[in-house]
Amino acid sequence: MTTIQLADLAAEVGAAYSGNATISGATHDSRQVTPGDIYIAVLGFTRHGIEFADQAVAAGAVAIASDSAGIARLTADIPHLVLTDVRAQLGLVAAAVHGELQVGGEAVLLHRMGDDAEVVVELTLELGEVA
């Protein structure tokens, strides 16, 4: 199992953080949290994911990631990561936590270049023979 320290994750995605945690997984769905995960609370159309942070913590989340407005509403005393653009950084957080993402059995490598806004995604695919 791959793990990453919260401080290293913060440096990887260019985010502020508070506290210490060893993170082994990441999810934005509080119902899917497993022990060791960082729960990523996203602002939705009608509710903010931070409303489900206590549920995520009860399920074993060791840290919470959200925007500054979400973190300000956090009721649990838990390490956290403050993201400037949760939706834009969600993939970076997942890639940093998991190292290399797997899609359909093929590797997907994520690389950061320059600004946080500049993300290049390189897909590594085996195309096989074409008839």
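Helix α4 has 13 residues, and from its first C-alpha to its last it reaches 17 Å, close to the 18 Å expected at 1.5 Å a residue. This description rests on a predicted model, and α4, which covers residues 86-98, is a convenient place to enter it. The buried residues of this helix are Val86, Gln89, Leu92, Val93, Ala94, Ala95, Ala96 and Val97. In an α-helix there are 3.6 residues a turn, so residues three or four places apart point the same way. Just after α4 comes Gly99, which takes a positive phi of about 80°.

From the helix one can turn to the nonpolar interior. Which element gives the most to the largest nonpolar core? That element is α4, with five residues, while the elements that give two or more residues to this core are α1, β5, β6 and α4. The largest core has 20 residues, and those that touch the most other members are Leu9, Ile23, Ile38, Leu81, Leu83 and Val93. Val93 has already appeared among the buried residues of α4. A second core, separate from this one, has 12 residues, including Ala53, Ile64, Ile71 and Ala76.

The strands come next. Five of them form an open sheet in the order β2-β7-β6-β5-β4, and their pairing is mixed. At the edges stand β2, residues 16-18, and β4, residues 25-27, each of which pairs on one side only. From one strand to the next, the twist averages 20°. The edge strand β2 is joined to β7, residues 80-82, by antiparallel pairing over three bridges, and within this pair Ser18 stands opposite His80 of β7. Helix α1, residues 6-13, lies across β2, β5 (37-40), β6 (63-66) and β7, and it runs at about 15° to β7.

The charged side chains add another set of links, and the count of salt bridges comes to three. In one of them, Asp29 is joined to Arg31, with their closest N and O atoms 3.0 Å apart. How do the two partners compare in exposure, buried or exposed? Asp29 has a relative accessible area of 18% and is therefore buried, since buried means under 20%, whereas Arg31, with a relative accessible area of 65%, is exposed.

Glu51 takes part in a salt bridge with Arg47, where the distance from N to O is 2.7 Å, and in another with Arg73, where the closest N and O atoms are 3.6 Å apart. Why does the pair of Glu51 and Arg73 tie together parts that are 22 residues apart in sequence? Glu51 lies in the loop between β5 and α2 (53-58), and Arg73 lies in the loop between α3 (68-72) and β7, so that their salt bridge ties these two parts together. Arg47, Glu51 and Arg73 are thus linked in a network of salt bridges. Each member of this network counts as partly exposed: Glu51 at 35% relative accessibility, Arg47 at 45% and Arg73 at 46%.

Taken in this order, the parts can be followed from one to another on the structure. Helix α4 gives five residues to the largest core, helix α1 also gives two or more residues to that core and lies across four strands, β2, β5, β6 and β7, and the loop that holds Arg73 lies between α3 and β7.

Notes:
Residues are numbered from 1 along each chain as its sequence is written. This is a predicted model: local features need pLDDT of at least 70, side-chain atom pairs count only at pLDDT 80 or more; totals for chains, interfaces and linings use all residues. Side-chain values use heavy atoms; hydrogens and water are left out. Two strands pair if DSSP finds at least two bridges between them. Axes are lines fitted to C-alpha atoms, for helices over the stretch in contact, and angles run from 0 to 180 degrees between N-to-C directions. Contact means heavy atoms within 4.5 Å. A nonpolar core is a set of buried Ala, Val, Leu, Ile, Met, Phe, Trp, Tyr and Cys residues joined through side-chain atoms within 4.5 Å. Buried means under 20% relative accessible area, exposed over 50%, partly exposed in between (1.4 Å probe, protein chains only). A salt bridge is a side-chain nitrogen of Lys or Arg within 4 Å of a carboxyl oxygen of Asp or Glu. The expected span of a helix is 1.5 Å times one less than its number of residues.
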